[in-house]
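Me: I should be grateful for a close look at one part of this protein, followed by an account of its surroundings. Please keep the answer connected and define each term as it arises.

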Amino acid sequence: MRTSWADSADNSANGSGNTNASACPPRGAYVPPHLRNRTLSSEAPPPPPAAHPAPLPVNDRVNHGGQVTHQGGYFKADHGRQQQQQGYGSSFQSGGWNGRGVGRERGRREVNPFENDEAEDLSISEQENTGINFDAYDDIPVETSGENVPPPVNTFAEIDLGDALNQNIQRCKYVKPTPVQRYAIPISLSGRDLMACAQTGSGKTAAFCFPIISGIMREQYNQRPRVARTAFPLALILSPTRELSCQIHDEAKKFSYQTGVKVVVAYGGAPITQQLRELERGVDILVATPGRLVDLLERARVSLQMIRYLALDEADRMLDMGFEPQIRKIVEQMDMPPPGIRQTLLFSATFPKEIQRLASDFLSSYVFLAVGRVGSSTDLIAQRVEYVLDSDKRSHLMDLLHAQRETGIDGKQGLTLVFVETKKGADALEHCLCVNGFPAASIHGDRTQQERELALRSFKTGNTPILVATDVAARGLDIPRVAHVVNFDLPNDIDDYVHRIGRTGRAGKMGLATAFFNEGNLSMAKPLADLMQEANQEVPAWLTRYAARATYSGGHRNRRSGGSRFGGRDFRKDGSLNKGTTDFHGGGTGGGYGNYGGGYGQGVTSAWD
DNA sequence: AAAAAAG
């Protein structure tokens, strides 16, 4: 049976190598629903087949705190050759509040990172730009655990961050700290290590940048080694994608404006020479992706021996299988000071227990902090699931986009972010949309860095209000005005789903997330249904039926599957799994909800268990 | 099996 024009187009266009995905129809072939005469396949999915018992996931990995192999000396005294290197210097002679040459940066005037904000203020409506909607932050559940957790603050004024930083906070129009900031900043300022679960878009970057900048300004780091052409940053911030590193860098520049604290970014796909030049001019905070940093370390253009602060953004991704070896190399096998000497801050919106266990290798007597997600688990993101066959996905997507265009989902052009599984799929879908008159761009790891950045810019400005993306765009990216996230292909991991839909409903604004589900996503049925239920979303009856089968299709292909879906729980509290050294089992210690002044009692909802 | 991250 032919279910849509997409099927008929399947054979005609694009005869090469296009396997199962339906090919694009010829130009202008899109026909809006009301002009068509067909039944949408999403109306009545086939019933799920008979149930069979699902195997229990095996989960008995125990990881006792890894031996830290630190290779001596944080300071090699004798690396001679004190070149009067032009440019490499200001960090040597400074210290104390604002003692770092405010406003002048080695002869080069510091660019005002707030300059463009004025222009944006005018182009974007008032309401759009007032930053975070704080009403949405009331009644957010917060959990802390660990020994002697420093109490939260209610205002920035309560914290002694220094004048320069306070001015930048004002310039950023931050009025009061978000929940994650209220807790994380005092904890970090007190010198404690931190593992924090908090949705991006809730002010996470500032939560780890403020204490780092403040700490660097406060201390007297006037003794840095002088090795020709080697940079000695005091803080390292790692993130899993280049675009995210750029974004963190941009934010950190704002926060450190006129503080004298120098922020440099290093990532792959861009010419290294410029990054090397920046590093030679001196660096206090280095923001980087792992690959490029390893390159710089091997070239001895960067040394980590002066690192006092290490922050991992999207920490669970950084410690996932693909990244873990590189991260261990950087953190444990180069010259970085060990936990306890440096301060380590881990942030992510999701934190599976297995990853928490790995992460504890990097931490010393840390505080665990979980802040209820601003987007996903509240009403801010309306989640929908629709049953759509692969062959119908394209036409169905265009129906959605078409309807959206007519109704104007939020007045003016809301942006739509479409996630697909593969890079090839992203290219194909982008082409298909463009050919059918939907202005789309695409971003994925096989495109050049230039193309990636162009696509992102074009999306942000609304020039191409549709962006087709792989998971490269799933995490951390702060794109205002994303009104709709479409999971054209569902991910295989519910945490990835959480991060993807988190691109909308940011900073307290509303968002919509639509997922296309079919028989190819059986393993997601239960986690998805559970997640939606916990978020008070309407779960279609057919999805509940699929979920009831509770398939774990073959063992533990999902290493993160296991218990608490929201990752909002300290794995150290999980007695049966915890045979390790750091057991804070007596959970009452200073943690819990006692410190929270806000209006929620024990009414912490299912999201936290 | 896929994506990301060095060149």
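Is the crossing of helix 15 and helix 16 left-handed or right-handed?

Reply: The crossing of helix 15 and helix 16 is right-handed; a crossing has this hand if the near helix is turned clockwise from the far one by less than a right angle, and is left-handed if the turn is anticlockwise. The model is predicted, so that local features need pLDDT of at least 70 and side-chain atom pairs count only at pLDDT 80 or more, whereas totals for chains, interfaces and linings use all residues. Residues are numbered from 1 along each chain as its sequence is written, chains are lettered from A and ligands numbered from 1 in the order in which they are written, and side-chain values use heavy atoms, with hydrogens and water left out.

Helix 15 covers residues 494-501, and its axis comes within 10 Å of that of helix 16, with a crossing angle of roughly 45°. Axes here are lines fitted to C-alpha atoms, for helices over the stretch in contact, and angles run from 0 to 180 degrees between N-to-C directions. The two helices, helix 15 and helix 16, are therefore oblique to each other; angles under 35 degrees count as roughly parallel, over 145 as roughly antiparallel, 65 to 115 as roughly perpendicular, and the rest as oblique. From helix 15, Ile 494, Tyr 497 and Val 498 meet Met 524, Pro 527, Leu 528 and Leu 531 of helix 16, contact being heavy atoms within 4.5 Å. By class, this contact of helix 15 with helix 16 has 7 nonpolar, no polar and no charged residues. For these classes, Ala, Val, Leu, Ile, Met, Phe, Trp, Tyr, Cys and Pro are nonpolar, Asp, Glu, Lys and Arg are charged, and the others, Gly among them, are polar.

Helix 16 (residues 522-534) also packs with helix 17 (residues 541-548): their axes come within 8 Å and cross at roughly 120°. Helix 16 and helix 17 are therefore oblique as well, and helix 16 passes helix 17 in a left-handed crossing. On the helix 16 side the contact is made by Leu 522, Ala 525, Lys 526, Leu 528, Ala 529 and Met 532, and on the helix 17 side by Leu 543, Tyr 546 and Ala 547. The classes in this contact of helix 16 with helix 17 are 8 nonpolar, no polar and 1 charged. Leu 528 appears both in the contact with helix 15 and in the contact with helix 17. An α-helix has 3.6 residues a turn, so residues three or four places apart point the same way.

The loop between helix 16 and helix 17 holds Asn 536, which has a positive phi of about 60° although it is not a glycine. Asn 536 is exposed, with a relative accessible area of 63%; exposed means over 50%, buried under 20% and partly exposed in between, with a 1.4 Å probe and protein chains only. Lys 173 is another residue other than glycine with a positive phi, near 65°. Lys 173 lies in the loop between helix 3 (163-171) and helix 4 (179-189), and is partly exposed at a relative accessible area of 43%.

Earlier in the chain, helix 14 (residues 449-460) has 12 residues and spans 16 Å from first C-alpha to last, close to the 16 Å expected at 1.5 Å a residue; the expected span is 1.5 Å times one less than the number of residues. Its buried residues are Gln 449, Arg 452, Ala 455, Leu 456, Ser 458 and Phe 459. The partners of these buried residues include helix 6 (242-255) and strand 14 (466-469). Just after helix 14, Gly 462 has a positive phi of about 85°.

Helix 13 (residues 423-435) likewise is followed by a glycine, Gly 437, with a positive phi of about 85°. Val 435 is one of the buried residues of helix 13. Although Val 435 and Ala 29 are 406 residues apart in sequence, their C-alpha atoms are 8.4 Å apart in space. Ala 29 sits in the loop between helix 1 (5-12) and strand 1 (104-105), and counts as partly exposed at 22% relative accessibility.

As a whole, chain A has 17 helices and 16 strands, where helices (H or I, at least four residues) and strands (E, at least two) are DSSP runs numbered from the N terminus. Of its 609 residues, 57% count as buried.
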